[in-house]
Amino acid sequence: MTTLAPTRGAARLHAAFEQARTEGRAAFIPYMTAGYPTAAGFPALAQTLLAHADILEVGIPYSDPLGDGPTIQRASEQALAGGTSTRHSLALVAELRARTDKPIVVMTYVNPIYAVGPREFMRLAQRAGVDGLILPDLPPDQDLEIADLAAEHGLAVTFLIAPTSTPARVALVAQACTGFLYAVSVTGVTGAREGAALGEVPAMLALARQHARVPVAVGFGVKDAATARQVAGVADGVVVGSAFITAAANGQDVDALAASIRAGCVR
Amino acid sequence: MPLTLPTYPQPDARGRFGRFGGRYVPETLIPALDELETAYAAAKTDPAFLGELDRLLREFVGRPSGLYLAQRLTEHAGGARIYLKREDQNYTGAHKINNCLAQALLAVRMGKKRVIAETGAGQHGVASATAAALLGLSCVVYMGAEDIRRQALNVFRMKLLGAEVREVTSGTATLKDATNEAIRDWVTNVRDTFYILGSVVGPHPYPAMVRDFQSVIGEELKVQHQALEGRPAPDAIVACVGGGSNAIGIFAPFAYLPEEERPLLIGTEAAGEGVDSGRHAASVAGGRIGVLHGAMMYLLNDDEGQIVPPHSVSAGLDYPGIGPEHCLYAQTGAAQYVPVTDAQALDALQLLTRLEGIIPALESAHAIYHAVELARTMRPDQTVVVNLSGRGDKDVAEVMRLLSLQDPVGETPGQLLSPSLLSEVHA
Ligand SMILES: Cc1ncc(COP(=O)(O)O)c(C=O)c1O
């Protein structure tokens, strides 16, 4: 199925996880929607997150984001209304790439990939300096071509598992990942939640590690240093998204929040 | 004769109709879709399930629905005999109830106590709320704010039936967004919730399962057409297409016949203000292949993959995609898809009402319009069957609003029709 020769992107991602590990941390992976709050304002916001990040995740805004909760959905609507679409998002990543050596992964639903054309999309992503793709609505057995095309262009791929995943699904998804495996901490969509939601995560990760040849990151619902620390205790990476969008929307200090969550990623 | 559910050569084992269909959903849902597929496969051949469904379709819904020769409409068109397959006679007013009752029975069988649904025109929401009331399930219906305005009567019916109606204001605030919201609810509550999907869209197995449940329409037609015309298949079948469930229900039992035995199958897509206007919901005529709500299909989306907001005068056709099986039919030529505009549908609604005393749903009026055009080109010994997917009660207030915009001083009813049609009806 997937070509498993490590790609340039995979090597860079794995090195970032390894670096964090040697420092006694889980990798910190903040997320931001490209073009949020505006196309002009995004680079500064992304720079702020990058300063603390081991890996930056940039979301391509999409009109119908099925895996996302209201926070990221509204951020997408705002970015789209401001004119940031698929090609613009990759151009924004290229701008960031010119200023940082840290790995950047792009989160995208599959429709933008199909609309641009899978080969053309991968070419554009490679040219923009993207290291990997996160594909929230593409179970790996749905399209065997995307992962191969990504590999051809030096990009790593990340698929997701959830608390509802059966052992057979965990094995299938874990083996298909070349960048890192993304474990969704809750049965649900993205968004910060009340209370710690770690309940099912340790068992899910134990199962995932039997099959994954890549690091395992956990996301959905991590919102502060305390929840980050819980996740960092069991995972190789911690993904935080909605909390930063909410902070930016409310005019809070994103820099301070990112610093505090990163500090929470210690083991 | 006990009810049996038909078996078709599509989709393949991976849930694909050719390249269309599939399961493009968050991984969280995959186990639930597997579970549903297994439960449905078992129910499909279980006499207890089929017996109960058969009883409800007859005693609760009022099936079989009639096959009615529309004599005056036939005369008006001056060609082939036009029959109406009267899904408007069903309890709750449309074909949607066939599928809802079946899925709700499946929910009970699977031990789920909570059902959710999305709705555009409100007919699927009403049918879901009805099935939930009948079977003692709790029910949440997602509906776009724009559709809540257009279909106030159906909103009240759902509430009266005990369902909770959740207003969706994101995106275009219509069916597409209500579907997004229902899927998000399902992702969150998948362990104890059954999602009653309202059309032949969504991830596998929904397009196949909903088709099987709606095939009762086409299967009845064979028997009725045999009795009235001495042969099971009409020469042509016309049905409106939003997601495409009423159309697939009447097409599928004929679509896999050899070409020489197959009726001309025509789906009417909502062309809104015209396919070139950019304000339409015609996914085959004006879309390109993409992925929405878990399936690959013809889709209104721009060249960077953002969904283009659809438009139709009828809330039930106001959807940017079309079911994957229709996409395959369109590609292979098993069926044809033609655009019909808002104005043409409004005219056809009034035409059928004046000539036959039947007020059709705005959705069904799209099919009526094209059936008349088609019958004109055919011989009097031929037959055209229109799937009259629903009745117009739900649309009367909206039609009144639209016609008074056209005719603000409120002329006599005889002047509501557009001038060309008016002269034809009274000729
Ligand atoms: C009367 C009627 N016809 C047709 C439709 C369109 O649905 P489908 O395309 O699934 O048949 C609807 C949807 O609400 C409806 O209410």
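**Group meeting: backbone oddities and the ligand site**

Let me start in a loop. B:Thr92 sits between β4 (81-86) and α4 (96-109) of chain B. Its phi is near 80 degrees, a positive value in a residue that is not glycine. Most residues other than glycine have a negative phi. Keep in mind that this is a predicted model.

Two more backbone points. Both concern prolines. In chain A, the peptide bond between A:Tyr36 and A:Pro37 is cis, with omega about -5 degrees. A:Pro37 belongs to the loop that links β1 (27-33) to α2 (42-52) of chain A. In chain B, B:Gln10 and B:Pro11 are joined by a cis peptide bond, and here omega is about 0 degrees. B:Pro11 falls in the segment before β1 (16-17) of chain B. Most peptide bonds are trans.

Next, the annotation. UniProt, in an unreviewed entry, assigns residues 64-390 of chain B to the domain "Tryptophan synthase beta chain-like PALP". Over that stretch the chain is 43% helix and 21% strand. The C-alpha atoms at its two ends are 15 Å apart.

Now the ligand. Which residues come closest? They are B:Ser199, B:Gly244, B:Ser245, B:Asn246 and B:Ser389, out of 19 that surround the ligand. By type, the shell splits into five nonpolar, 11 polar and three charged residues.

Here are some distances to oxygen atoms of the ligand. From the side chain of B:Ser199, an N or O atom is 2.5 Å from a ligand oxygen. For B:Gly244, the contact uses the backbone: an N or O atom there lies 2.7 Å from an oxygen of the ligand. The side chain of B:His95 has an N or O atom 3.1 Å from a ligand oxygen.

Is the ligand covered or open? On its own the ligand has 390 Å² of accessible area, and the protein covers 98% of that. The space the ligand takes up is the largest cavity. Which elements give two or more residues to the shell? Those are β9 (236-241) and α11 (245-255) of chain B.

To recap. B:Thr92 has the positive phi. A:Pro37 and B:Pro11 each follow a cis bond. And the ligand occupies the largest cavity, with 98% of its accessible area covered by protein.

Terms used: Residues are numbered from 1 along each chain as its sequence is written. Chains are lettered from A and ligands numbered from 1 in the order in which they are written. This is a predicted model: local features need pLDDT of at least 70, side-chain atom pairs count only at pLDDT 80 or more; totals for chains, interfaces and linings use all residues. Side-chain values use heavy atoms; hydrogens and water are left out. UniProt positions are given in the numbering used here, feature names are shortened, and annotations may be inferred rather than shown by experiment. Helices (H or I, at least four residues) and strands (E, at least two) are DSSP runs, numbered from the N terminus. A residue is near a molecule or strand if one of its heavy atoms lies within 4 Å of it. A polar contact is a pair of N or O atoms within 3.5 Å; within protein, one must be able to donate a hydrogen and the other to accept it, and residues adjacent in sequence count only if both atoms are side-chain atoms. Accessible areas come from the Shrake-Rupley method with a 1.4 Å probe; for residues, only the protein chains shown count as cover. On a 1 Å grid over the protein atoms alone, a cavity is a set of points where a 1.4 Å probe fits but cannot get out, and a pocket is an open set with protein on both sides within 12 Å along at least five of seven lines; lining residues have an atom within 4 Å of a point. A molecule sits in a cavity or pocket if more than half of its atoms lie within 2 Å of its grid points. Ala, Val, Leu, Ile, Met, Phe, Trp, Tyr, Cys and Pro count as nonpolar, Asp, Glu, Lys and Arg as charged, and the others, Gly among them, as polar.
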